[in-house]
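Please look over the chain below before reading on. The report covers its fold, its charged pairs, its rings and its backbone oddities.

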Amino acid sequence: MNKFLLAVASIVLGTASAHAADLAAQYTKAPVMAPAYNWTGFYVGGNVGGQWGNADLNTSTIWTPAGYFAASSVPAINTVGAQGVNSSSVTGGFTAGYNWQVNHAVLGLEGDINYFGFKGSATGSALYPCCAPTGFTVSSQVSADWLATIRGRIGFLAAPTWLLYATGGAAISEVKGNFNFTDTFSAATESAAIRDTRLGWTAGVGTEYAFGGGWSLKAEYLYVDLGRASATSTNLVGGVTQYPSNVYTHSVDLKSNIVRVGVNYKFGGPVVARYGASRS
């Protein structure tokens with residue numbers, strides 16, 4: 001009887017040992033950590049693209065009894081002085097910013113400085129209603145060589161490495177305008193210049209894709225409104241006489257659209273992990 005019980009015990013223990021060995025063979029590896037991209041961190045980059053926009057250029061004056069103009073001349077000058085130009089050019093520059101990732105949301109602050117290349121001119125002429133065939137000419141020029149922006153970004157992750165975002169903030173540029181008035185009645189002349197570092201606003205949308213090692217590619221659209229810059233002059237001269245009572249007002253109102261692509265490099269930042277188990 002004892003021999004029988006020993007035989008049964010040996011069989012049971014052997015079966016249990018084989019089963020345990022089989023389980024051990026299936027779960028020999030501990031849980032592994034699979035790193036996932038995290039957008040948090042400081043980054044720098046460059047961009048290139050194009051801008052297209054328009055500027056409203058305005059020259060106007062007033063009538064005074066002691067002035068140079070007949071009453072009918074002032075409306076004609078103001079009509080011709082309402083001018084507009086279109087501009088398009090290549091743009092490009094440098095970017096720096098910082099992102100914070102919170103779950104599937106990414107918040108950021110970004111600044112950039114770029115070559116802007118906005119430039120245009122317009123000229124208009126007309127006859128004096130009172131005094132044909134004599135007439136006048138109004139000429140205007142505008143330019144803005146550079147553009148800087150400081151913007152917030154808010155976006156969500158369509159995938160761990162694919163960001164869709166909206167952006168908006170301040171736009172800064174030096175707007176330059178030159179204005180000239182001449183006529184053929186008595187060779188009258190007037191001129192003025194604008195040099196104004198404008199603080200406007202910008203807003204847009206973009207997408208960015210991280211492809212490893214801290215590098216990412218982005219595409220972005222921005223609308224820029226630099227507002228109105230203006231200046232006045234009292235230097236109208238007709239013949240040898242100056243007419244300061246005929247005050248001139250000149251203004252530039254500049255807006256632009258920008259489409260650009262860029263590449264960024266992110267320095268450091270935390271890495272999150274996904275946990276999982278594997279079987280051999």
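What follows is a short tour of this predicted model.

**Overall layout**

The protein has two helices and twelve strands. Along the sequence, the elements run α-β-β-α-β-β-β-β-β-β-β-β-β-β. The protein has 280 residues, and 40% of them are buried. Among contacts with a separation of 6 or more, 74% join residues 24 or more positions apart. The exposed area is about 14300 Å², with 66% of it supplied by carbon and sulfur atoms.

**Charged pairs**

Side chains of opposite charge can pair when their charged atoms come close. The structure holds 13 salt bridges. Three of them are listed here.

| Salt bridge | Closest N to O distance |
|---|---|
| Arg151 with Glu110 | 2.5 Å |
| Arg153 with Glu110 | 3.8 Å |
| Lys255 with Asp253 | 3.1 Å |

Take Glu110 first. What does its salt bridge with Arg151 tie together? Arg151 lies in strand S5 and Glu110 in strand S4, so the pair joins parts that are 41 residues apart in sequence. Both Arg151 and Glu110 are buried. For Glu110, the relative accessibility is 1%, so the residue counts as buried.

Glu110 also meets Arg153 in a salt bridge. That pair again links strand S5, home of Arg153, to strand S4, home of Glu110, across 43 residues. Arg153 is buried too, at a relative accessible area of 5%. Arg153 has another partner of interest: it lies over the face of Tyr165, 4.3 Å from the ring centre.

Now the pair of Lys255 and Asp253. Are its two members buried or partly exposed? Lys255 is partly exposed, with a relative accessible area of 21%. Asp253 is buried, with 11%. The cut-off explains the split, because buried means under 20% relative accessible area.

Some salt bridges share partners. Glu110, Asp112, Arg151, Arg153, Glu208, Lys218, Glu220 and Arg260 are joined in this way into one network.

**Aromatic rings**

A search of the whole structure gives 15 aromatic pairs. One of them is Tyr68 with Phe69. Their geometry is edge-to-face, with centres 5.1 Å apart and 80° between the planes. Tyr68 and Phe69 are both buried.

Phe69 also pairs with Tyr128. Here the centres are 6.5 Å apart and the planes meet at 50°, so this pair is tilted. Where do the two residues sit? Phe69 is in the loop between S2 and helix H2 (73–80), and Tyr128 is in the loop between S4 and S5. The pair therefore ties together parts that are 59 residues apart in sequence. Phe69 is buried, at 5% relative accessible area. Tyr128 counts as buried at 4%.

Ring pairs extend to a wider group. They link Tyr68, Phe69, Tyr128, Phe136, Phe181, Phe185, Tyr243 and Tyr248 into a cluster.

**A nonpolar patch on the surface**

Which residues form the nonpolar patch? Phe42, Val44, Tyr98, Trp100, Leu107, Leu109, Ile150, Ile154 and Phe267 do, with about 820 Å² of accessible area together. Strands S2 (41–61), S3 (82–102), S4 (105–127) and S5 (135–159) each give two or more residues to the patch. Leu109 is in strand S4. At 47% relative accessibility, Leu109 counts as partly exposed.

**One buried site in S7**

Ala192 is in strand S7 (residues 189–212). Its relative accessible area is 15%, so Ala192 is buried. Beyond neighbours within four places in sequence, Ala192 is in contact with Gly177, Asn178, Phe179, Ser233 and His250. Phe179 is 13 residues from Ala192 in sequence, with 5.3 Å between the C-alpha atoms.

**Backbone oddities**

Most residues other than glycine have a negative phi, and most peptide bonds are trans. Three places here go the other way.

A cis peptide bond joins Ala132 and Pro133, with omega about 15°. Pro133 belongs to the loop between S4 and S5.

Asn103 has a positive phi of about 55°. Its place is the loop between S3 and S4. Asn103 is exposed, with a relative accessible area of 65%.

Ala187 also has a positive phi, near 55°. Ala187 is in the loop between strand S6 (162–183) and S7. At 54% relative accessibility, Ala187 counts as exposed.

Definitions and conventions
Residues are numbered from 1 along each chain as its sequence is written. This is a predicted model: local features need pLDDT of at least 70, side-chain atom pairs count only at pLDDT 80 or more; totals for chains, interfaces and linings use all residues. Side-chain values use heavy atoms; hydrogens and water are left out. Patches are made of residues with over 30% relative accessible area and no salt bridge: like charges are joined within 9 Å, nonpolar side chains (Val, Leu, Ile, Met, Phe, Trp, Tyr) within 5 Å. Accessible areas come from the Shrake-Rupley method with a 1.4 Å probe; for residues, only the protein chains shown count as cover. A salt bridge is a side-chain nitrogen of Lys or Arg within 4 Å of a carboxyl oxygen of Asp or Glu. Helices (H or I, at least four residues) and strands (E, at least two) are DSSP runs, numbered from the N terminus. Buried means under 20% relative accessible area, exposed over 50%, partly exposed in between (1.4 Å probe, protein chains only). Contact means heavy atoms within 4.5 Å. Rings of Phe, Tyr and Trp (its six-membered ring) pair if their centres lie within 6.5 Å; planes under 30 degrees apart count as stacked, over 60 as edge-to-face and the rest as tilted. A charge sits over a ring if NZ of Lys or CZ of Arg is within 6 Å of the ring centre and within 35 degrees of the ring normal.
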